[in-house]
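Here are some notes to read alongside the structure. They take one residue and then one interface.

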Amino acid sequence: VAVSTKSTDRPTATQSFSVIGKRNRKVEGRRKVTGQLLYTDDIVLPRMLHAKILRSPHPHARIKGIDATRALALPGVHGVVTGRDFPVPYGIIPWTRDEYPLALDKALYIGDGVAAVAADDERTAADALKLIEVEYELLPPVFSVEEALAHPENQVNPFAKVGNVSKHVHLSFGDVEQGLAASDEVVSDTWFYAGSTHAPIEPHCAIGDFGPEGLLTLYSSTQVPHYLHRELARVLEMPMDRIRVIQPGVGGAFGGKSEPFDLEFAVARLSQKTGRPVKILYTREEVFYSHRGRHPMRLAYEVGATRDGRLQAVRARIHIDGGAYSSFGLVTTYYSGQLLCAPYRMPAYEFDSTRVFTNKPACGPKRGHGSVQPRFAFECALDVLSERLEIDPIELRRRNLIGEDTRTVNEMRVTSNGFPQCLDAVERASEWKKKHRKLPYGQGVGVAGSTYISGTNYPIYPNDMPQSGCQIKVDRSGRVTVFSGVSDIGQGCDSTLAYIVAEELGVELEAIRVVAGDTDLAPVDLGAYSSRITFMAGNAALDAARKLKRQVREAQAAVWDVAPDRIELAGGFALVPGDPERVVPVAKAFQAAEARFGTLGSTGSYNTPGQAVHGEYRGGTIGASPAYSFTAHVAEVEVDEVTGIVTVKKIWVAHDCGRALNPTLVEGQMEGSAYMGHAEALFEEQDFQPNGLHRGPSLLEYRLPTSLDTPDMESLIIESLDREGPYGAKEAGEGPLHPSVPAIANAIYDAVGARVTELPFYPGRVRKALAARRGPWKGR
Amino acid sequence: VKETFRLAVNGDAHEVSVEPRTTLLECLRYELGLTGSKQGCDKGDCGACTVWLDGRPVLSCITLARTAEARRVTTVEGLARSGRLHPLQDALDLKGGAQCGFCTPGILMSAAALLESNPQPTEDDVRQALAGNLCRCTGYTKIIEAVLEAATTLRAARSAGEWP
């Protein structure tokens, strides 16, 4: 297994590239703009049935019995499955397998799947659902963190070890008491981060197709085909080698498709029972109830600093509303504390996080998993601190920089770090010095910073195998086929692999085919989560491509009788620079290599550096990453004092992505992230009625910002050239979301002197904060 | 009971036989195999199903198929000409305006309709024209850039007689 990149390959600013760093098209882009890319629901198999899932109308109810006789008798109905068809529990985290594909003994939230029906068409399946008789015994539900902790006897999830506690983590580094005592100023306050959901425009969809050989092919709009593959094998009690998972085009995910869902198990079992392919397409309402989105968190912080603005100690106490199941909750609970320790130096840090179960749809990982909420609270606390100490907020952040090649207080290894440049960039571009505390009343600017992981150092299930694999096939036509298990969910990872391989092998982009998202064809990659693909799959592709490149150069060197290292492969040619006699189409060099070495192919792998990058304490592995990205935002807002309406005028986003392998794609991630953060600040809330019903499970009532609501955004790419990233690259998909919310909150304060501490910043909350302000705003 | 009627889609004549409650989107996707138009919400909220009826954008998921009888339906599959991308399609691809691509067909149909009625739109015109199409990936920035660039390209192509 290749471990990271060798020091001789260390990226430099003066490297020149043919493909990397250019604004190239995406490999599948033209299929998207012509409507030809196939998503799961676009696939129609012969004899395919359609299924629907019956969902619990009660938030907490024991299932006494299910009678599907009448449903099965309906013409056009071919099969029914219930919880009894799936006695094995599953869960994305191996230590918290606490859900069944369909409720076995009890339903844990309104919308929990209870049974599924396969029929000739969707409408017949929907009619059949009404004929299934379920006898429920109602149980007392709990809906809030407080209720859940106060009433452990009303246990939501029977797999919980203690009452309704899903996970509790307490970690302490350095002497927090002493640090707070040594502080001249301590900010102590509580913030609330509301839940929100991913709302990809493509609803979840899956097709199960059980072949006569006993092989299952499962098509799904998943972003983690490998983990889905494992859980399917477990729940269906089949060997993994009899299951093929295909991930067609995915219409957005954002973390919302990063674990198995009821529909995948249901179509598999229904196909097995009926002997026909079965499809389920979620309704939009089902997408809202399936959720796995941003956890609501109540966050209490004490942040202490000396008079000159140097942080001394940070203490956090966090309560997390997890909903009915664990999902990634074990990780979420750690992340809520573990990812706060950069980009600022803190001598002492302590956090105490508790995730609880409630009778609501389960929360999970949404873009910036677990760390967006604490980042909001902490960056707001820094703003309060800067005001009390009368230090400019950007200057305060500069006084606490953690720097490069260092360790955080919780012992995470930090390598490249472009955060100072991020601060400089947003300060300059936003004309911060002319605006902060200087704009007319009602207008303001706010700043915030953050860090995020480029993949997790450890896979979800412990193993020593590579996190990313890649195979490359080169043939005499000049075509290069790249096989990888990566999941393109719109972020452009298929293209990223193509850019890397094209750069190394010197072929034109059009000569590259990427075969991905198919467990039968491609080597394992762990999936599109935790911003891991560019770094990890990118390195695996680089490894595979460089092995082939060596063979091609060696073969062509023999033809030309020159040293192999004098041969360059670039732009569709093999050549010796400066020698007009020695240049041939690269396909010729491939032919020379095929003649010399036989059929050409290579494999590449990436695995993480292991223990060197984190502390040796329980939980020290969670939050550890081979590299961290950094971001700074400045937001400019207008606040209407009378209505309390906040309008974001512009967001400047500076992001250290290591190196932009394609600046257009990196900017796309930065803008998409800032948009989504802005939406959480002002628009969106996954909110429930007192009886557990979602308040607005539609794309009308759940307010996604439209083109008219979304502010101007300016992307400022910072390239710190990470020594282990492919060409220096790190993540860009999630980090740039983090500062959005605190930058807007801090800008609201600059505009009108009101501290908003509860999301979303609805007009009523802003007016309430204005009313709490003592006298007129004297900020300027 | 199924009804049989004729549909003209992207210049092709079809005869379809569907239940009266069938929507235009269902008819296009599942009867005619034109899967470019997408279903994101099924109730007219997201705009991914946008197609043209007689040149005007409509939400095909809340339009009954029968409504389109004897009218011209244009879908994303009908934007390119003889294999050549519409300038909007090209610009959206080049500028990074299509990330996951799921809202893209609807965005294209709304934007193309705008350029038919307003060949020289301002940024604000573009934002207005796209207000019924939700995109979850891009934050709209690169889509708007692409539409503005495509407007310029399309005007030039038309004055040169290279695009109808």
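**Notes on one residue and one interface**

1. Start with Arg407(A), which is placed in strand E16 of chain A, a run covering residues 406–407. This is a predicted model, and the points below should be read with that in mind.

2. Is Arg407(A) buried, exposed or partly exposed? Its relative accessibility is 37%, and because partly exposed covers the range between under 20% (buried) and over 50% (exposed), Arg407(A) counts as partly exposed.

3. Which residues does Arg407(A) touch, leaving aside those up to four places away in sequence? They are Arg345(A), Ile402(A), Met412(A), Arg413(A), Ala612(A), Val613(A) and His614(A). One of these, His614(A), is 207 residues from Arg407(A) along the chain, yet the two C-alpha atoms are separated by 8.5 Å.

4. The side chain of Arg407(A) also has polar partners in the backbone. A polar atom of this side chain lies 2.4 Å from the backbone oxygen of Ala612(A). The side chain of Arg407(A) reaches the backbone oxygen of Glu411(A) at 3.1 Å.

5. How confident is the predictor about chain A? The mean pLDDT of chain A is 97, with 99% of its residues at 70 or more. Residues 1–8 of chain A are a stretch to treat separately: pLDDT stays under 50 there, and the model has 17 contacts for them beyond four places in sequence.

6. Next comes the interface. The contact takes 52 residues from chain A and 45 residues from chain B. About 4,100 Å² is buried between the two chains, and carbon and sulfur atoms give 53% of that area. On the side of chain B, the residues that lose the most area to chain A are Asp93(B), Gln99(B) and Arg136(B), together 20% of what that side buries.

7. How many salt bridges are there between chain B and chain A? The count is 11. Arg123(A) and Glu26(B) form a salt bridge, with their closest N and O atoms 3.4 Å apart. Across the interface, 28 residue pairs are in polar contact, both residues being at pLDDT 80 or more.

8. Which elements of chain B give two or more residues to the side that touches chain A? They are helices H1 (24–31), H2 (87–94), H3 (104–117), H4 (123–129) and H5 (141–159) of chain B. The largest share, five residues, comes from H2(B). By class, this side of chain B has 18 nonpolar, 13 polar and 14 charged residues.

Technical notes
Residues are numbered from 1 along each chain as its sequence is written. Chains are lettered from A and ligands numbered from 1 in the order in which they are written. Side-chain values use heavy atoms; hydrogens and water are left out. pLDDT is the predictor's confidence in each residue, from 0 to 100. Contact means heavy atoms within 4.5 Å. Helices (H or I, at least four residues) and strands (E, at least two) are DSSP runs, numbered from the N terminus. Buried means under 20% relative accessible area, exposed over 50%, partly exposed in between (1.4 Å probe, protein chains only). A polar contact is a pair of N or O atoms within 3.5 Å; within protein, one must be able to donate a hydrogen and the other to accept it, and residues adjacent in sequence count only if both atoms are side-chain atoms. Buried area is the accessible area (1.4 Å probe) that two parts lose on being put together, summed over both. A salt bridge is a side-chain nitrogen of Lys or Arg within 4 Å of a carboxyl oxygen of Asp or Glu. Ala, Val, Leu, Ile, Met, Phe, Trp, Tyr, Cys and Pro count as nonpolar, Asp, Glu, Lys and Arg as charged, and the others, Gly among them, as polar.
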